[in-house]
Amino acid sequence: MGMNVTSIALGGLQASRERLDGAAGRIARRAATGLEAAPGPSLEQDIVTQREAALLYRANLGVLRTEQQMLGSLLDLRA
């Protein structure tokens with residue numbers, strides 16, 4: 001069970017980082033080129049995507065922390 005939770009949370013961390021990186025790259029390209037109407041999502045949408053990705057990243061970290069705490073408690077019970 002623990003490995004599955006870990007895999008899911010790590011996958012969520014990676015997906016969140018990729019979303020954050022993608023949005024940040026688009027924002028940086030807009031800033032560097034001065035293009036307001038760049039292809040792809042709007043600046044506002046990229047900012048929302050960054051916020052969402054950061055929240056999802058923190059949520060997945062919370063899952064990993066909770067799993068570690070539960071595993072520690074289980075080991076304490078068995079000791």
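Helices and strands here are DSSP runs, a helix holding at least four residues and a strand at least two, numbered from the N terminus. With that in hand, let's work through some exercises on this predicted model.

**Exercise 1. The overall fold**

Task: Find how many helices and strands the protein chain has, and what share of its residues count as buried.

Solution: Start with the secondary structure. The protein chain has two helices and zero strands. Helix 1 spans residues 2-33, and helix 2 spans residues 43-78.

Next, turn to the surface. The chain has 79 residues, of which 15% count as buried. Its accessible surface comes to about 5,900 Å², and carbon and sulfur atoms account for 63% of that area.

Finally, look at the contacts. Taking those between residues at least 6 apart in sequence, 69% join residues at least 24 apart.

**Exercise 2. A salt bridge along one helix**

Task: Which residue meets Asp21 in a salt bridge, and why are the two separated by about one helical turn?

Solution: First, find the partner. The side chain of Asp21 meets that of Arg17, with an N to O distance of 3.0 Å.

Second, check the spacing. Both residues belong to helix 1 and are four residues apart, so about one helical turn separates them.

Third, classify the two residues, recalling that partly exposed lies between the 20% and 50% limits. Asp21 has a relative accessible area of 42%, so this residue is partly exposed. Arg17 is partly exposed too, because its value is 41%.

**Exercise 3. The network around Asp46**

Task: By the salt-bridge rule, how many salt bridges are there, and which residues are linked with Asp46 in a network?

Solution: The count comes to four salt bridges. To build the network, take the bridges of Asp46 one at a time.

1. The side chains of Arg26 and Asp46 meet at 2.8 Å, N to O. This pair links distant parts of the chain, with Arg26 in helix 1, Asp46 in helix 2, and their positions 20 residues apart in sequence.
2. Asp46 also forms a salt bridge with Arg30, where the closest N and O atoms are 2.9 Å apart. Here too the pair links distant parts of the chain, Asp46 in helix 2 and Arg30 in helix 1, 16 residues apart.
3. Put together, Arg26, Arg30 and Asp46 are linked in a network of salt bridges.

Now for the accessibility of each member. Asp46 counts as buried because its relative accessibility is 0%. Arg30 is buried as well, since its relative accessible area is 7%. Arg26 reaches 23%, so this residue counts as partly exposed.

As a last step, list the surroundings. Leaving aside neighbours within four places in sequence, Asp46 is in contact with Ala23, Arg26, Ile27, Arg30 and Pro41. The side chains of Asp46 and Arg30 are also joined by a polar contact of 2.9 Å.

**Exercise 4. Two residues of helix 2 facing helix 1 residues**

Task: Is Asn60 buried or exposed, and which residues does Leu56 touch beyond four places in sequence?

Solution: Take Asn60 to begin with. This residue lies in helix 2. Its relative accessibility is 15%, and buried means under 20%, so Asn60 counts as buried. Beyond its neighbours within four places in sequence, Asn60 is in contact with Ile8, Ala9, Gly12, Leu13 and Ser16.

Then move to Leu56, which is also found in helix 2. With a relative accessible area of 38%, Leu56 is partly exposed. Not counting residues up to four places away in sequence, Leu56 touches Ser16 and Arg19. A C-alpha comparison adds one more link: Leu56 and Gly12 are 44 residues apart in sequence and 7.5 Å apart in space.

**Exercise 5. A nonpolar patch**

Task: Which residues form the nonpolar patch on the surface, and why does Leu77 count as exposed?

Solution: Begin with the members. Leu71, Leu74, Leu75 and Leu77 form the patch, and together they have about 430 Å² of accessible area.

Next, place one of them: Leu77 is found in helix 2. To finish, apply the cut-off. Exposed means over 50% relative accessible area. Leu77 has 72% relative accessibility, and therefore counts as exposed.

Key: Residues numbered from 1 in each chain as written. Predicted model: local features only at pLDDT ≥ 70, side-chain atom pairs only at ≥ 80, totals over all residues. Heavy atoms only, no water. Patch = residues over 30% accessible without salt bridge, like charges linked within 9 Å, V, L, I, M, F, W, Y side chains within 5 Å. Areas by Shrake-Rupley, 256 points an atom, 1.4 Å probe, with all protein chains shown as cover. Buried < 20%, exposed > 50% of the residue type's maximum accessible area, 1.4 Å probe, protein only. Contact = heavy atoms within 4.5 Å. Polar contact = N/O pair within 3.5 Å; in protein donor to acceptor, adjacent residues only side chain to side chain.
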